[in-house]
Amino acid sequence: NSNDAGGCGNNVIWQDANGMYHWMMHFKTVSDDVINHDEITPGMLIGTVGNTGDSYGAQIGRASCRER
């Protein structure tokens, strides 16, 4: 997902094997490996640090939860 979802800029949401959702936001770019695959694996580049959406300065925002 690389749209400005409520000020989050370029972002990625995925669910891990334990059912937890993880959301990372404000990427400058999201990796083609993430966009073109259904699974995020250890060591995979997710994206590059950015300042997209409602952010001030380069950063990556992160949230995790049980429900989406």
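Two strands count as paired if DSSP finds at least two bridges between them. The exercises below use this idea on a predicted model.

**Exercise 1. Describe how the strands of the open sheet are arranged, and say which strands stand at its edges.**

Step 1. Begin with the whole chain, which has one helix and five strands and which, read along the sequence, follows the pattern β-β-β-α-β-β.

Step 2. Find the sheet: three strands form an open sheet in the order E1-E2-E5, and their pairing is antiparallel. Strand E1 (10–15) and strand E5 (61–65) stand at the edges, because each has a single partner strand, so one side of each is left without a neighbour in the sheet. On average, and with direction ignored, neighbouring strands of this sheet are turned by 15 degrees against each other.

Step 3. Look at one pair in detail, remembering that strands of a sheet pair through backbone hydrogen bonds, either parallel or antiparallel. E2 and E5 pair in the antiparallel sense over five bridges, and Trp23 stands opposite Ala63 in E5.

**Exercise 2. Decide whether His26 and Phe27 are buried or exposed, and list what each of them touches.**

Step 1. Locate the residues: His26 is found in strand E2 (residues 21–27), and Phe27 is found in strand E2 as well.

Step 2. Apply the cut-off, which is under 20% relative accessible area for a buried residue. His26 has a relative accessibility of 8% and therefore counts as buried, and Phe27, with a relative accessible area of 3%, is buried too.

Step 3. Collect the contacts, leaving out residues up to four places away in sequence. His26 touches Gly7, Cys8, Asn10, Gly50, Asn51, Thr52, Asp54, Ser55, Gln59 and Gly61. Phe27 is in contact with Asn10, Asn11, Val12, Ile46, Gly47, Thr48, Gly50, Thr52 and Ile60.

Step 4. Set sequence beside space for one of these contacts: Phe27 and Thr48 are 21 residues apart in sequence, while their C-alpha atoms are 5.6 Å apart.

**Exercise 3. Work out where Ile46 lies and which nonpolar core includes this residue.**

Step 1. Place Ile46 along the chain, where the residue belongs to the loop between helix H1 (32–35) and strand E4 (47–48).

Step 2. Check the burial of Ile46: the relative accessible area is 15%, so the residue is buried.

Step 3. List the partners of Ile46 beyond its neighbours within four places in sequence, which are Val12, Trp14, Met24, Phe27, Val30, Ser31, Val34 and Ile40.

Step 4. Compare these partners with the largest nonpolar core, whose seven residues are Val12, Met24, Phe27, Val30, Val34, Met44 and Ile46.

Step 5. Add a distance: Ile46 and Asn11 are 35 residues apart in sequence and, from C-alpha to C-alpha, 9.6 Å apart in space.

**Exercise 4. State how many disulfides the structure holds, and classify Cys8 and Cys65 by their accessibility.**

Step 1. The structure holds zero disulfides.

Step 2. Cys8 counts as buried because its relative accessibility is 10%, whereas Cys65, at 35% relative accessibility, counts as partly exposed.

**Exercise 5. Give the share of buried residues, the share of long-separation contacts and the accessible surface of the protein chain.**

Step 1. Of the 68 residues in the protein chain, 34% are buried.

Step 2. Among contacts with a separation of 6 or more, 41% come from residues 24 or more positions apart.

Step 3. The accessible surface of the chain comes to about 4,600 Å², and 48% of this surface belongs to carbon and sulfur atoms.

Terms used:
Residues are numbered from 1 along each chain as its sequence is written. This is a predicted model: local features need pLDDT of at least 70, side-chain atom pairs count only at pLDDT 80 or more; totals for chains, interfaces and linings use all residues. Side-chain values use heavy atoms; hydrogens and water are left out. A nonpolar core is a set of buried Ala, Val, Leu, Ile, Met, Phe, Trp, Tyr and Cys residues joined through side-chain atoms within 4.5 Å. Buried means under 20% relative accessible area, exposed over 50%, partly exposed in between (1.4 Å probe, protein chains only). Contact means heavy atoms within 4.5 Å. Helices (H or I, at least four residues) and strands (E, at least two) are DSSP runs, numbered from the N terminus. A disulfide is a pair of cysteine sulfur atoms within 2.5 Å. Accessible areas come from the Shrake-Rupley method with a 1.4 Å probe; for residues, only the protein chains shown count as cover. Axes are lines fitted to C-alpha atoms, for helices over the stretch in contact, and angles run from 0 to 180 degrees between N-to-C directions.
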